[in-house]
Amino acid sequence: MSPIISRGFKGRRRDDVPSDRVPPGQYVTPDFPVLSAGPTPHTPLDQWDFALTGEVDGQHRWTWQELRGLSAETITVDIHCVTKWSKLDTVWEGVSIDTLLDGVETSAEYAVAFSDGGYTTNLPLEDLTGGKAWVAFAYGGEPLGAEHGGPARLLVPHLYFWKSAKWVRGLRLVAYDEPGFWESNGYHLYGDPWREQRYWGD
Amino acid sequence: MARAAVLGRLNWRAADVVGVVPETARVKTIQFDVPDWPGHLPGQHVDVRLTAEDGYQAQRSYSIASAPDGTRVELTVERLDDGEVSPYLTDELRTGDQIELRGPVGGYFVWEPERGGPLLLVAGGSGVVPLMAMLRRRAAAGSDVPAVLLFSSRAWDDVIYRDELERLNANGLLVVHTLTRAQPDGWTGYARRVDREMLAEVAPEDAQVFVCGPTPFVEAVASALVELGHEPARIKTERFGATGGRDG
């Protein structure tokens, strides 16, 4: 269907935003909106850990102090939420998933990130490796606030932001792609913003 | 195209405006007829797409206000003065216009009478919209599932769906208003922001809870409910971003 012209609609183009940084259907906002399906969990740091489970050999678990003892990176990226907003040049600090997977033997090709509060999201393992994903614990130079997923969230900026699981507690490595929370509720299994993969069938 | 059909792609559909109804000074309901509308669940939303003459497009998401009713779909939109899409929807659209819709979307923040209750709905401002779809469905189905709507508005004239809520306030539904900024003379109801004490007074035990409103409102309500002992997994939330709309 060719688009219907909305009589009198002019819209608000952003001349200050390079169009090659804004995926189709998105608009740029200076705000950082919050979208969560339930109450915000508050896990004390002394009870927090991050685990690799599923198809892995041995125990891979980091306490908060152990995670913060790993080498961290500062990451400046654009993020894109499926609810249409994009935010440019966000600055995070976190540990690369490559660092966590270093030396881990697995035959898995997919991962399910799991979080406090029961949230899950699925990703191909190759989208988490090669410098594309982090466990982030700081945003804008400050500790990551609970409503934005603190103490730590997954950061996978090349996919829609629901893949960047808030309150993340680990990755379950699996042989087959298993739909997570939103992926079971109408949202796309993969979620590439540049191909506008918002919903089932996109 | 056959493959797209099998996968159930949500295609853009032409939606005919068949009515525009003012709700409050800043809020209007836009009634659409959407041929081939597949139906929806109360609580779901749609994406709206506007296209300018030069091809520029803007998309936003809005909750569906109406209960499932054939090809009829209603959106209730709050005008955000600095918004890109909502001023067009509330000020420019009139009967006979056409825009594009895609949906319905979302399978989590939904309720139907078969899911039972008791139900606790907590709304801040235009966060009432998806909750109203649930209450309209409940009424249309003749359901007597016990339900409480706790609805926070700034003032009596800002109460969206005020008259209809008064009519629905029976058959096991209790509508409780709180007016946070100004109250009419003789007001005996709540006159403050929703807090733990208020929730304790109105919330049914073991309720299925739906909370919708601006982010600080939802954060406060959901946290207070958890403190009161409500099971986090039974509390479903939907928040507007700082940019308004459902989230934009």
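Let me start with a small detail in chain B, at the end of one helix: helix 3 is followed by B:Gly142, and the phi of this glycine is positive, near 65 degrees. Please keep in mind throughout that what we are looking at is a predicted model.

Staying with helix 3 of chain B, we can follow its 13 residues over 18 Å from the first C-alpha to the last, which is close to the 18 Å expected at 1.5 Å a residue. Eleven of those 13 residues are buried, so helix 3 of chain B is largely enclosed by the rest of the structure. If you would like to find them on the screen, the buried residues include B:Val128, B:Val129, B:Pro130 and B:Leu131, and the list also takes in three arginines by name, B:Arg136, B:Arg137 and B:Arg138.

What does helix 3 of chain B pack on? Helix 3, residues 128-140, packs on a sheet and touches strand 7, strand 8, strand 9, strand 10 and strand 11 of chain B, while its direction makes about 150 degrees with that of strand 8. That sheet is an open one of five strands in chain B, in the order 9-8-7-10-11, and its pairing is parallel. Its edge strands are strand 9, residues 173-179, and strand 11, residues 235-240, each of which pairs on one side only, and the twist from one strand to the next averages 10 degrees. To take one pair within it, strand 7, residues 119-124, and strand 8, residues 147-153, are joined in the parallel sense over six bridges, with B:Phe151 in strand 8 as the bridge partner of B:Ala123.

A second helix to consider on this sheet is helix 6 of chain B, residues 215-227, which touches strand 7, strand 8, strand 10 and strand 11, its direction making about 155 degrees with that of strand 10. Helix 6 of chain B also has 13 residues and reaches 18 Å from its first C-alpha to its last, close to the 18 Å expected at 1.5 Å a residue. Among its buried residues are B:Phe217, B:Val218, B:Val221 and B:Leu225, and the elements that cover the buried residues of helix 6 include helix 5, residues 196-202, as well as strand 7, strand 8, strand 10 and strand 11 of chain B. Just after helix 6, B:Gly229 takes a positive phi of about 100 degrees.

Let me now turn to the other sheet of chain B that I want to show. Six strands form this open sheet in the order 4-3-6-1-2-5, and here the pairing is antiparallel. Strand 4, residues 57-63, and strand 5, residues 72-78, are its edge strands, each pairing on one side only, and neighbouring strands of the sheet are turned by 40 degrees against each other on average, direction ignored. Within it, strand 1, residues 13-22, runs antiparallel to strand 6, residues 98-105, and four bridges join the two; B:Arg13 stands opposite B:Leu101 in strand 6.

How is chain B divided into domains? Domain 1 covers 2-105 and domain 2 covers 113-240, and their centres, taken over C-alpha atoms, are separated by 24 Å. Between the two, 14 residues of domain 1 are in contact with 13 residues of domain 2, and the domain 1 side of that contact divides into seven nonpolar, five polar and two charged residues.

Chain B also meets chain A, in a contact that takes 45 residues from chain B and 36 residues from chain A. On the chain B side, the elements that each supply at least two residues include helix 1, strand 4, helix 6 and strand 11, and by class this side has 19 nonpolar, 14 polar and twelve charged residues.

Finally, a look at chain A, where strand 11 is mostly covered, five of its seven residues being buried. Strand 11 of chain A runs parallel to strand 2, residues 49-54, with four bridges between them, and antiparallel to strand 6, residues 110-115, with six bridges. In the pairing with strand 2, A:Leu173 is the bridge partner of A:Gly54, and in the pairing with strand 6, A:Phe114 stands opposite A:Gly170. In the segment after strand 11 of chain A we come to A:Tyr190, which counts as partly exposed because it has 16 C-beta neighbours inside 10 Å.

Notes
Residues numbered from 1 in each chain as written. Chains lettered and ligands numbered in written order. Predicted model: local features only at pLDDT ≥ 70, side-chain atom pairs only at ≥ 80, totals over all residues. Pairing = 2+ DSSP bridges. Axes fitted to C-alpha atoms, helices over the stretch in contact; angles between N-to-C directions. Contact = placed C-beta atoms within 7 Å. Expected span 1.5 Å × (residues − 1). Buried ≥ 20, exposed ≤ 12 C-beta atoms within 10 Å, placed from the backbone. Nonpolar A, V, L, I, M, F, W, Y, C, P; charged D, E, K, R; others polar. Domains from an automatic or database assignment.
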